[in-house]
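Trainee: I would like a close look at one part of this model: the salt bridges. Please take me through them, with the surroundings of each partner.

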Amino acid sequence: MIKKILRWIKKALLWFFAISILLVVIFKWVPVPYTPLMAIRAIENKIDGNDAVLSHDWVPLEEISPNLQKAVIASEDGNFLKHNGFDFQAMSKAFKNNQKGKKIKGGSTISQQTAKNVFLWQGRSYLRKGLEAYFTVLIELIWGKERIMEVYLNSIEMGNGVYGAEEAARVWYRTKAKNLTKREAAGIAAILPNPRKYKASNSSAYIERRKDKIMRVMRHIGKIEY
């Protein structure tokens with residue numbers, strides 16, 4: 001019985017590794033059409049009695065303003081172009097501050113966020129974090145930084161039912177992602193910690209301060225070279 005169980009586990013693991021690697025290879029070239037978060041949000045809206053709104057329009061990275069690329073690096077992951085998927089210094093700082101009860105962003109890199117958004121569910125379990133690390137390693141090895149940024153900016157939540165840079169630019173500023181100004185890009189990046197609560201335009205004083213801070217950091221980011 002034990003041998004049968006072990007053989008079953010071995011086969012299950014082999015299938016998991018084969019399927020996960022195949023998906024990562026496919027999504028290196030094919031736009032990600034739908035993510036688990038999109039499904040979860042649709043279900044949540046239905047449960048709350050609201051329409052399952054979904055706005056998502058994939059565009060290649062060259063059609064997304066460098067201003068937005070700089071803004072999310074400034075806001076979410078200052079070492080994105082340098083690390084290999086994990087920023088251990090940021091993770092350590094987040095852990096220490098969380099231990100002290102201070103509110104601080106979790107230390108997840110853009111690579112980790114992309115892995116979670118595309119392949120996994122939301123949550124804080126050890127299983128999910130372990131899988132997040134696994135997929136982070138895969139996309140860093142197979143996709144590279146440029147593709148990670150492209151998928152990230154096309155798949156993350158940027159408003160209630162709004163996913164990706166093109167739709168965010170349209171909804172918040174009535175423009176295209178390639179035409180986003182520095183201030184507009186900072187506005188979108190500023191709401192990413194909670195895009196269903198905050199507004200990128202007609203923003204609160206808190207978000208306006210975040211925009212100012214992000215723009216100051218953006219000035220120190222030179223030309224992005226992947």
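Mentor: What follows is a walk through the salt bridges, with a short look at charge and aromatic rings afterwards. Keep in mind that the model is predicted.

Start with the total. A search of the whole structure gives 13 salt bridges. Side chains of opposite charge can pair when their charged atoms come close.

Take helix α6 to begin. This helix covers residues 126-142 and holds both Glu132 and Lys129. The two sit three residues apart, about one turn of the helix. Their side chains form a salt bridge at 3.3 Å, N to O. How exposed is each partner? Glu132 has a relative accessible area of 2%, so it is buried, the limit for that being under 20%. Lys129, at 36%, is partly exposed.

Now a pair that reaches out of a helix. Glu166 and Lys176 meet through their side chains at 3.7 Å, N to O, in a salt bridge. Glu166 belongs to helix α8 (residues 165-173), while Lys176 is in the loop between α8 and α9 (182-190). The pair therefore ties together parts that are 10 residues apart in sequence. Glu166 is buried, because its relative accessibility is 10%. Lys176 is partly exposed, with a relative accessible area of 44%.

Next, helix to helix. Arg183 and Asp212 form a salt bridge at 2.5 Å, N to O. The bridge links distant parts of the chain. Arg183 is in helix α9, and Asp212 is in helix α10 (residues 205-218), 29 residues apart. Here Arg183 is partly exposed at 30% relative accessibility. Asp212 is partly exposed too, with a relative accessible area of 34%.

Some bridges share partners. Such bridges join Arg41, Glu44, Glu157 and Arg196 into one network.

What about charge outside the bridges? Lys3, Lys4, Arg7 and Lys11 form a positive surface patch. Patch members have no salt bridge. Lys11 lies in helix α1 (residues 2-29). Its relative accessible area is 55%, so Lys11 counts as exposed.

Finish with the rings. There are 10 aromatic pairs. One of them joins Tyr134 and Phe135 edge-to-face, at 5.2 Å centre to centre with 70° between the planes. Phe135 is buried, at a relative accessible area of 5%. Both rings belong to one aromatic cluster, together with Phe16, Phe17, Phe27, Phe119 and Trp143.

Technical notes
Residues are numbered from 1 along each chain as its sequence is written. This is a predicted model: local features need pLDDT of at least 70, side-chain atom pairs count only at pLDDT 80 or more; totals for chains, interfaces and linings use all residues. Side-chain values use heavy atoms; hydrogens and water are left out. Patches are made of residues with over 30% relative accessible area and no salt bridge: like charges are joined within 9 Å, nonpolar side chains (Val, Leu, Ile, Met, Phe, Trp, Tyr) within 5 Å. Accessible areas come from the Shrake-Rupley method with a 1.4 Å probe; for residues, only the protein chains shown count as cover. A salt bridge is a side-chain nitrogen of Lys or Arg within 4 Å of a carboxyl oxygen of Asp or Glu. Lys and Arg count as positive and Asp and Glu as negative; His and the chain ends are not counted. The place of a charge is taken as NZ of Lys, CZ of Arg, CG of Asp or CD of Glu. Helices (H or I, at least four residues) and strands (E, at least two) are DSSP runs, numbered from the N terminus. Buried means under 20% relative accessible area, exposed over 50%, partly exposed in between (1.4 Å probe, protein chains only). Rings of Phe, Tyr and Trp (its six-membered ring) pair if their centres lie within 6.5 Å; planes under 30 degrees apart count as stacked, over 60 as edge-to-face and the rest as tilted.
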